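I opened the model to look up a few things and keep a record of them. The entries are in the order in which I went through them.

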Amino acid sequence: MTSASDKPVVTRFAPSPTGFLHIGGARTALFNWLFARHHGGKFLLRIEDTDRVRSTKEAIDAILDGMRWLALDWDGHEYYQSQFWARHAEIAHKMLDRGQAYRCYMTQEELAAQREAAQRERRPFRIESPWRDVTESQGDKPFVIRLKAPREGETVIDDRVQGRVTVQNSEIDDFVLLRSDGTPTYMLAVVVDDHDMGVTHVIRGDDHLNNAFRQLAIIRAMGFPEPVYAHVPLIHGPDGAKLSKRHGALGVDAYRDELGMLPEAVSNYLLRLGWGHGDAEIISRDQAVEWFDLDHVGKSPSRFDFKKLENLNGHYIREADDARLTALIAPKIGLSGKQQQMLVRAMPELKARAHDVNQLADGARFLFAERPIDVDQAAAALLTDEARALLGAAHQELAALANWDAASLEAAIREVAESQGAKLGKLAQPLRAALTGRTTSPGIFDVLALLGRDESLARIADQMEPKE
RNA sequence: GGCCCCAUCGUCUAGCGGUCCAGGACGUCGCCCUUUCACGGCGAAAACACGGGUUCGAGUCCCGUUGGGGUCACCA
């Protein structure tokens, strides 16, 4: 057998740098990474910058940045496909010499004419080059090198995810290996690079399944060892259509910067999208490495569910270290070092209420608001004359309080409420409005403790007189 | 349209012929906890697309129908 499955595992992620690292690519990278780590193999990164026009430095940086954020470390340096053009051309010419490829001198016009004819006669278009069996060079005329694809028989791929897939060889056309400018096409470059890099397992999007048959034709022509293929179903939007910009097909940087997601949440979500392990939902990276396999990757596309991601993110925020979360939101609301210390102390109360980092920042704002603080409409409605009277009583009691800690504060506030013949809520809600400017916040005693005596008393006093 | 693939609650999934009147999670709806909002706890509604086979027995195997997706470049 030429099967590569008994050799040390080598996987790769091969994005084309024409944009950010999108969420589907991130999952492909994750699966490759997980598979390699699970088997103690190598995970390589190759930038497919064959398309010089569309490839940009910014896109490359965005991809590397995204992978680092998701903690998908690759082994060795990253490879750049454009560096291997000479090698690609060498292989193309080798195939030419062996009669497995040919120089095709067809013009764009001739090609278009064939395509139109096929359309007119309502039959599938497949290139029919008159040069397929011509071996002599035609001098200076521009040409491309095409694969002389087999026309008889069939090709079978034992895909680790999709199962046994068979295609008639007559379906495979004489696609271009080397362009007229001497650069390789994707189809050639992938095969040569994967071979040269020793890739044993090709794990990628299902949209490449059809390509696998074309690539296999090159591999067999060259006598390269055949990699194990695993074509993972694509991620669809909530409406079932291919994930697009208006869905969640944002770059992972947007999940971090705009949506306020934690990398472990994104990673966990992506892992569970298309793969499962019994009832497990919350899966650590270590656990994932131990459990991950290709056998449990589903065969059908899955829809992106933002609600579930958000829920997972809330879970990981609650688990996250307070100092780390503080560092994450401090720049968003511009905090001094001292304020950050306060934020760290408030974090346990704050993080239980947030599903993303933006909500976390938003929930923290009241702590650092300048007096007199803004009171939103719903909170202002709470500050009735009756409520102000209660606030006055509370202010008096609190001003005389010896110890400013949550327990003492609770006892004091309860006492005030009782002496005024009011339920706790009657006092707590106006107090919340005065202290935070909102109707929802962390526990009121914690808020008092966090804000401190002076600030708390001042904020209460600010609301004791009616506003005009 | 040709070729290829797919099909369990709204969504992600468990299930690899009998232990499934189908389990978990998100979401939804109730209840509890409670000063608010969350968190947490408890509970409910909710699925094997349809039709044929195979088998003592099918969500699990086969075929078809329907539906969905992918792909058909000198792009990757």
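The entries below concern a predicted model.

**Entry: the RNA strand**

I began with the surroundings of RNA strand B. I found 62 residues around the strand, with Arg-179, Gly-274, Ala-352, Arg-353 and Arg-432 the closest. I then sorted the surface near RNA strand B by class, which gave 16 nonpolar, 25 polar and 21 charged residues. Helix α17, residues 424–436, supplies the largest share of that surface, with five residues.

Which part of RNA strand B supplies most of its atoms within 4 Å of the protein, the bases or the sugar and phosphate? I read 68% for sugar or phosphate, and the rest belong to bases.

I noted three individual approaches to the strand. Gln-162 has a side-chain N or O atom 3.1 Å from a sugar or linking oxygen of RNA strand B. For Arg-318, a polar side-chain atom is 3.3 Å from a phosphate oxygen of the strand. Asp-279 approaches a base instead, with a polar side-chain atom 3.4 Å from a base nitrogen.

**Entry: nonpolar cores**

Next I looked up the cores. In soluble globular proteins, nonpolar side chains tend to be buried together. The largest nonpolar core here has 100 residues, and Met-67, Leu-367 and Leu-398 have the most contacts inside it. The element that gives the most to this core is helix α1 (residues 23–38), with nine residues. A second core, separate from that one, has 36 residues, among them Ala-92, Leu-96, Ile-145 and Phe-213.

I followed Leu-367 further. Setting aside neighbours within four places in sequence, I listed its contacts as Met-342, Leu-343, Ala-346, Leu-350, Leu-450, Leu-451 and Arg-459.

**Entry: helix α5**

How many of the 11 residues of helix α5 are buried? I counted eight, so mostly covered is a fair description of this helix (residues 186–196), given that buried means under 20% relative accessible area. The buried ones are Met-187, Leu-188, Ala-189, Val-190, Val-191, Val-192, Asp-193 and Asp-194.

I then checked what these buried residues pack against. The strands are β1 (10–13), β2 (42–47), β8 (176–178) and β9 (201–205), and the helices are α3 (85–97) and α6 (209–222). After α5 comes Gly-198, with a positive phi near 75°.

**Entry: salt bridges**

Side chains of opposite charge can pair when their charged atoms come close. My search of the whole structure returned 31 salt bridges. I looked at several of them individually.

Arg-160 and Asp-295 form a salt bridge through their side chains, 3.4 Å from N to O. The two are 135 residues apart and link distant parts of the chain: Arg-160 is in the loop between β6 (154–159) and β7 (163–168), and Asp-295 is in the loop between α9 (285–291) and β12 (302–303). Arg-160 is partly exposed at 34% relative accessible area, and Asp-295 is exposed at 55%.

For the salt bridge between Asp-257 and Arg-256, I read 2.8 Å between the closest N and O atoms. Asp-257 counts as partly exposed at 42% relative accessibility, and Arg-256 counts as partly exposed at 25%.

Lys-351 and Asp-322 also meet in a salt bridge, 2.7 Å from N to O. Lys-351 belongs to helix α12 (residues 337–351) and Asp-322 to helix α11 (residues 322–333), so this pair ties together parts 29 residues apart in sequence. Are the two partners buried or exposed? Lys-351 is buried, with a relative accessible area of 11%, and Asp-322 counts as buried at 18%.

I also recorded a network, in which salt bridges with shared partners join Arg-12, Arg-46, Glu-48, Asp-193 and Asp-194. Asp-193 and Asp-194 are already in my list of buried α5 residues.

**Entry: Gln-359**

Last, I looked up Gln-359, which is in helix α13 (residues 357–364). Gln-359 counts as partly exposed, because its relative accessibility is 32%. Not counting residues up to four places away in sequence, Gln-359 touches Glu-310, Arg-353 and Ala-354. Arg-353 is also listed among the closest residues to RNA strand B.

Which backbone atom does the side chain of Gln-359 reach? I found the backbone nitrogen of His-355, at 2.7 Å. From Gln-359 to Leu-259 I read 9.6 Å, C-alpha to C-alpha, for two residues 100 apart in sequence.

Methods. Residues numbered from 1 in each chain as written. Chains lettered and ligands numbered in written order. Predicted model: local features only at pLDDT ≥ 70, side-chain atom pairs only at ≥ 80, totals over all residues. Heavy atoms only, no water. Near = heavy atom within 4 Å. Polar contact = N/O pair within 3.5 Å; in protein donor to acceptor, adjacent residues only side chain to side chain. Helix = DSSP H or I, 4+ residues; strand = E, 2+ residues; numbered from the N terminus. Nonpolar A, V, L, I, M, F, W, Y, C, P; charged D, E, K, R; others polar. Core = buried A, V, L, I, M, F, W, Y, C linked by side-chain atoms within 4.5 Å. Buried < 20%, exposed > 50% of the residue type's maximum accessible area, 1.4 Å probe, protein only. Contact = heavy atoms within 4.5 Å. Salt bridge = Lys/Arg side-chain N within 4 Å of Asp/Glu carboxyl O.
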